[in-house]
Amino acid sequence: MLKERIRCEELKKKVTTAEEAAKLVKPGMTLVTSGFTPAGYPKAVPLALAKMAEASEEKYDLTLITGASVGDELDGALTRAGAIARRFPYQTNKDMRKALNAGTVAYQDMHLSHVPRYIDYGFFGNIDIAIVEAIAITEDGGIIPTTSVGVSPQGIANADIVIVEINSTQPMELEGCHDIYSVKKPPFSEPIPLKDPGDRIGTTYIPCDPAKIAAIVECDIPDNVRPLGAIDEDSKKISANIIEFFKKEVAEGRLPENLLPLQSGVGSVANAVLGGLVDSDFKDLTCYTEVIQDSMFDLIDAGKVRVASGTSFTPSDTGLVKLKENMKHYAKYCILRPMEISNNPILTRQLGVIAMNTAIEVDMYGHVNSTMIMGNRMMNGLGGSGDFTRNAYISIYTTVSTAKGGDISSIVPMVSHVDHTEHDVQVIVTEQGTADLRGLTARERARAIINNCAHPDYRPALLDYLERAEKEVGGHEPHIIGESLSWHDRFVKTGSMKIK
């Protein structure tokens, strides 16, 4: 089976074990791997590498760069082995999160569209090894990715050597889904010739000089995907509020009847938002996004989607079974691109993407925190939300109005950490309602967010803070600085933001 997937005869002699391939990795190296949220990442070689690191008296101190989050076989195993010193740019693994919050792994949270550029421009330094998952290798050494593309093209192009894991659990029907196009470095950059989410502008494989491929390893470990939470009543209300907003925009002539290309972030709420469109009147939809989740398959099955473009298939465990069983069908509608293209700010602006992402908290002026719990503990990371938000035709942020059983308000006077500024955020949606912030002044934005999005239990306190700030301090965005973060401090001290 393995050698059938290696179509380049000279590369068949490069087949080896995961243990032998792992020996190519030396302490202090910088690794770029495939993988995006968490799909299409290498598994066998990282697991073998983790065992080597555990048994070694020498610290490995590796720098690990991926497209986005990867599975436990990579982030988790190497973290527990103490093999990672630096990590870029996004993660969701519990052991990795614990390590970076403890400071034992150095971490930079990055806009995902910046990562391919950093690799190409040499900002990360020399890339020693790229480890990528594939379904096959073409006759001339081209690497056909699996369920994600991410930064694999940049890793392969810039690494000294390449290790390929051919994963037999990934369906061969994935071949043809990918559209690999690389952007030239300045001053030789050219316009990206993509005018519609369904356009194909590249190859179905990642070009690679066969001489760079140092090892090929067979793998039979499936993607360790995350479960998606059930679509609860709050998520349904958020989705319904967005759909009503879309209907109004169509009626006002600001959106066409089939909307504009949709982008939706990662996770259960984002999945629910798209899922609500299944039963809506909208059809002939297009999507230009990062992740293709379960609800996208439902939209395709309902005949609602013309094309879905992303960089990763990111289903739940049940969605993964559905994807594999119907890959030939979904491949007709889905295109996987490099992160450099899927998250490209120019294309977001050019295509008029409607960006829908998830917030941890929003303040009354519209600043969004999407990464940090109580301002100091990293949750997952910025991801691609900023890539889309600043350049979107319409930028929308969703959140449930409260958390921790109502003890935390997701609408606060001042966010504890700013990822997206008020200048980029146009619409806030909770299960309570929608605040359209376009064309509003700072004080108007505050009242729109409080009155439409905050939970009724917290509205009086938020309005009281705003009115006192306007009277006592004044200014363009009135804040009582000594009190502005007191809500977070109150939760730390008492376990609730509620004023007793």
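Mentor: Before we start: in this predicted model, a residue counts as buried when its relative accessible area is under 20%, and as exposed when that area is over 50%. Let's try that out on helix H5.

Trainee: Okay, which residues of helix H5 are buried?

Mentor: Within H5 (residues 94-102), Met-96, Arg-97, Ala-99 and Leu-100 are buried.

Trainee: What puts them on the same side of H5?

Mentor: Their directions from the axis cover an arc of only 165°, so they sit on the same side of H5. On the face turned away from that buried side you find Lys-94, Lys-98 and Ala-102, which are exposed.

Trainee: And what do the buried residues of H5 pack against?

Mentor: Their packing partners are helix H4 (72-80), strand E4 (84-88), E5 and strand E21 (377-378).

Trainee: Why is Asn-93 called a cap of H5?

Mentor: One of its side-chain oxygens lies 2.9 Å from the backbone nitrogen of Asp-95, at the N-terminal end of H5. The cut-off for a polar contact is 3.5 Å, so a pair at 2.9 Å qualifies. Just after H5, Gly-103 has a positive phi of about 85°.

Trainee: Leu-112 lies in a loop, between strand E5 (106-107) and helix H6 (114-121). Is it buried or exposed?

Mentor: Buried. Its relative accessible area is 1%, and the limit is under 20%, so the label fits. Leu-112 touches, among others, Phe-36, Pro-89, Tyr-90, Met-339 and Asp-387, leaving out residues up to four places away in sequence. Take Met-339: along the chain it is 227 residues from Leu-112, yet their C-alpha atoms are separated by 7.4 Å.

Trainee: What about Gln-154 in helix H7 (residues 152-158)? What makes its pairing with Glu-340 a polar contact?

Mentor: The two side chains come to 3.0 Å, and the cut-off is within 3.5 Å, so the pair counts. Gln-154 is buried too, with a relative accessible area of 1%. Besides Glu-340, its contacts outside the four neighbouring places in sequence are Pro-116, Ile-119 and Asp-120.

Trainee: Now the largest nonpolar core. How many residues has it?

Mentor: It has 75, and those with the most contacts inside it are Val-164, Phe-246, Leu-262, Ile-354 and Ile-396. Helix H8 (residues 233-251) gives the most to this core, with five residues.

Trainee: Why does this core lie between domain 1 and domain 2?

Mentor: Because domain 1 (1-219) and domain 2 (233-494) both give residues to it. As for Phe-246, its contacts beyond four places in sequence include Leu-262, Phe-282, Ile-354 and Ile-396. Apart from this core lies another, of 35 residues, including Ala-22 and Val-217.

Trainee: What makes strand E17 mostly covered?

Mentor: Four of its five residues (354-358) are buried.

Trainee: How do you know that E17 pairs with E11?

Mentor: Pairing takes at least two bridges, and three bridges join strand E11 (residues 262-264) to E17, so they pair. The two run parallel, with Ala-355 as the bridge partner of Gln-263. E17 is also joined to strand E22 (residues 394-398), in parallel, by five bridges, and there Ala-355 stands opposite Ser-395.

Trainee: Last one: in the sheet E19-E18-E25, why do E19 and E25 count as edges?

Mentor: Strand E19 (368-369) and strand E25 (411-412) each have a single partner strand, so one side of each is left without a neighbour in the sheet. Between strand E18 (residues 361-363) and E19, two bridges form an antiparallel pairing, with Val-362 opposite Val-368.

Terms used: Residues numbered from 1 in each chain as written. Predicted model: local features only at pLDDT ≥ 70, side-chain atom pairs only at ≥ 80, totals over all residues. Heavy atoms only, no water. Core = buried A, V, L, I, M, F, W, Y, C linked by side-chain atoms within 4.5 Å. Buried < 20%, exposed > 50% of the residue type's maximum accessible area, 1.4 Å probe, protein only. Domains from an automatic or database assignment. Contact = heavy atoms within 4.5 Å. Polar contact = N/O pair within 3.5 Å; in protein donor to acceptor, adjacent residues only side chain to side chain. Arc of directions from axis to C-beta.
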